[in-house]
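These are my notes from looking up one lysine and one helix in a structure. I began with the side chain and then turned to the helix.

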Amino acid sequence: SPLPHTKSIGTHDPAEAFRVAEYHAYIEFDTRRACQQTGFRRLELPVRRIQTEANHLLILQQLERCMAERALLSVDIEGGVNGISCIGIARSPSDCFVIPFFDRQGNRTFTEDVEATILRALAHVLANPSIPKVLQHSLYDNFVLTYIYRMPIFRVVDDTMVKHMEYFCELPKSLAFQTSI
């Protein structure tokens, strides 16, 4: 850093907000973040625990925990109707796990029997109406899971893509932008 022991947040030149309307929102979000960071001297990044191991017993244990706790889950699939590479499930911003169906070389992670067991357990979680769920573009994820696995998602209580478009209709719609704010 050019200024050691100093926190800094990059943003657009405030004068640009007069020329490009969407920059106003970037500057506003960055200024809010800077104000929040003034409450403590050190940069305190969030600590996240993401289980990515392809251990089917751990995955089944995590799914059982979801069924038992019935707490709010955030669910996201990676892939489409031609196949899903993985599904991420988060119980909180810092506690999540990934169900990998393929490894980095494109090989199946589990045997058919093990994958079927995982999918049955996942279907019970996703179809359980007593477990609230948040998704990013839930219509897409729900369609893909229903189309491929006959696995609908019940009780979607929030859709972050729709919420973003409602609150910030004039701003970019990309997931990259959403995560930046």
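**Entry 1: K133**

I worked from a predicted model. I first checked where the side chain of K133 goes, and found that it reaches the backbone oxygen of V125 at 3.5 Å. I then found a second backbone oxygen, that of F154, which the side chain of K133 reaches at 2.8 Å.

I placed K133 in strand β5, which covers residues 133-135. I asked whether K133 is buried or exposed. K133 is buried, yet I found no salt bridge for it. The nearest side chain of opposite charge is that of D141, 13 Å away; a salt bridge would require a side-chain nitrogen within 4 Å of a carboxyl oxygen.

I listed the contacts of K133, leaving aside neighbours within four places in sequence. Among them are L72, L73, L126 and N128, as well as I153, R155, V156, V157 and D158.

**Entry 2: helix α4**

I next examined α4, residues 138-149, and compared its length with expectation. Its twelve residues should span 16 Å at 1.5 Å a residue, and the end C-alpha atoms are 16 Å apart, which agrees.

Which residues of α4 are buried? I noted S138, D141, N142, V144 and L145. They cover an arc of only 165° around the axis, which puts them on the same side of α4. An α-helix has 3.6 residues a turn, so residues three or four places apart point the same way.

I then looked up what covers these buried residues: the cover includes strands β2, β3, β5 and β6, together with helix α3.

Finally, I recorded that R150, just after α4, takes a positive phi of about 55°.

Terms used. Residues are numbered from 1 along each chain as its sequence is written. This is a predicted model: local features need pLDDT of at least 70, side-chain atom pairs count only at pLDDT 80 or more; totals for chains, interfaces and linings use all residues. Side-chain values use heavy atoms; hydrogens and water are left out. Helices (H or I, at least four residues) and strands (E, at least two) are DSSP runs, numbered from the N terminus. Buried means under 20% relative accessible area, exposed over 50%, partly exposed in between (1.4 Å probe, protein chains only). Lys and Arg count as positive and Asp and Glu as negative; His and the chain ends are not counted. A polar contact is a pair of N or O atoms within 3.5 Å; within protein, one must be able to donate a hydrogen and the other to accept it, and residues adjacent in sequence count only if both atoms are side-chain atoms. Contact means heavy atoms within 4.5 Å. The expected span of a helix is 1.5 Å times one less than its number of residues. The arc is that of the directions from the helix axis to the C-beta atoms.
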